[in-house]
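This briefing concerns the structure shown below. Its topics are individual buried residues, the surroundings of the ligand, and backbone conformation in loops.

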Amino acid sequence: MEQELILETDTLITSKTDLRGRIIYCNKDFMRYAGLMEHELINQPHNIIRHPDMPKAIFKLLWNYVKNGKEIFAFVKNKSKNNRFYWVFANITPSFDIENNIISYYSIRRKPNPKAVEAISKIYAQMQEAEQIEGANAGIRILEDLSKKFNKTYNEIIFDLQKDFQ
Ligand SMILES: Cc1cc2nc3c(=O)[nH]c(=O)nc-3n(C[C@H](O)[C@H](O)[C@H](O)COP(=O)(O)O)c2cc1C
């Protein structure tokens, strides 16, 4: 049975990656929740903490946004050591040099609204089911349908889900 770790209200989990998504910096909270030490994380691809319940489409969208110079918000279930997991509300942003070239990516994660996690886990389960049959685009279509239904962008939906909590 997997055990859930719940973030403290003042927890801020941060990491920085190179252009390929390899971890080049992470803070103490990152190590604490991942259950890994700095030398086990630095230079490793960020999917080292990927949880199998996460739909492919979320990461596809994440990379599309940041590679195009845009920030993205997401609820992410991450894997920790010893069969544990933790949910985060994440903001991922590109960092630019003075000529406006993207030079790295940065992420800051905090405690998610528990109500949002409840809602989003159901959506992620639906997305994974669709992805198993038709691939990541089927997951993206579910998100696009939600955007149409609520007449909001993906980021607006995610941000609104978190909002009431803070
Ligand atoms: C700044 C940054 C932070 C990321 N944070 C996470 C994270 O917390 N958890 C995660 O599973 N993937 C994270 N990713 C996405 C991973 O790079 C990767 O796309 C994802 O784990 C899926 O791995 P896969 O495509 O190999 O299946 C992050 C990417 C960037 C650029």
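**Structural briefing**

Leaving aside residues up to four places away in sequence, N91 touches E71, I72, F73, Y106, S107 and I108. The model under discussion is predicted. N91 itself lies in strand β5, which covers residues 84-96. With a relative accessible area of 15%, N91 is buried, because buried means under 20% relative accessible area. The ligand sits in the largest pocket, and 15 residues surround the ligand.

**Ligand surroundings**

- Among the 15 residues that surround the ligand, the closest are N47, R50, W63, N78 and R109.
- For R50, an N or O atom of the side chain is 2.6 Å from an oxygen atom of the ligand.
- For N78, a polar side-chain atom lies 2.7 Å from a nitrogen atom of the ligand.
- For R109, a polar side-chain atom is placed 3.0 Å from a nitrogen atom of the ligand.
- The ligand taken alone exposes 610 Å², and the protein buries 83% of that area.
- At least two residues of the shell around the ligand come from each of α3, β4 (72-80) and β6 (102-110).
- The element that gives the most to this shell is β6, with four residues.

**Buried residue in helix α3**

- Y65 is found in helix α3, which spans residues 56-67.
- The relative accessible area of Y65 is 16%, and Y65 is therefore buried, the limit being under 20%.
- Not counting residues up to four places away in sequence, Y65 touches K70, E71, I72, Y154 and N155.
- Y65 and I92 are 27 residues apart along the chain, and their C-alpha atoms are separated by 9.1 Å.
- E71 and I72 appear among the residues touched by Y65, and E71 and I72 are also among those touched by N91.

**Buried residue in helix α5**

- L143 is found in helix α5, which comprises residues 136-150.
- L143 counts as buried because its relative accessibility is 11%, where buried means under 20%.
- Apart from neighbours within four places in sequence, L143 is in contact with I58, L61, M127 and Y154.
- Y154 is thus listed among the contacts of L143, and Y154 is also among the residues touched by Y65.
- The C-alpha atoms of L143 and F59 are separated by 13 Å, the two residues being 84 residues apart along the chain.

**Loop residues with positive phi**

- N83 has its place in the loop between β4 and β5.
- The phi angle of N83 is near 60°, which is a positive value in a residue other than glycine.
- N83 counts as partly exposed because its relative accessibility is 46%, a value in between the limits of 20% and 50%.
- N151 is placed in the loop between α5 and α6 (154-163).
- Although N151 is not a glycine, N151 has a positive phi of about 55°.
- N151 counts as exposed because its relative accessibility is 71%, where exposed means over 50%.

Technical notes. Residues numbered from 1 in each chain as written. Predicted model: local features only at pLDDT ≥ 70, side-chain atom pairs only at ≥ 80, totals over all residues. Heavy atoms only, no water. Buried < 20%, exposed > 50% of the residue type's maximum accessible area, 1.4 Å probe, protein only. Contact = heavy atoms within 4.5 Å. Near = heavy atom within 4 Å. Polar contact = N/O pair within 3.5 Å; in protein donor to acceptor, adjacent residues only side chain to side chain. Areas by Shrake-Rupley, 256 points an atom, 1.4 Å probe, with all protein chains shown as cover. 1 Å grid on protein atoms, 1.4 Å probe; cavity = no way out; pocket = protein on both sides within 12 Å on 5 of 7 lines; lining within 4 Å. Sits in = over half its atoms within 2 Å of the grid points.
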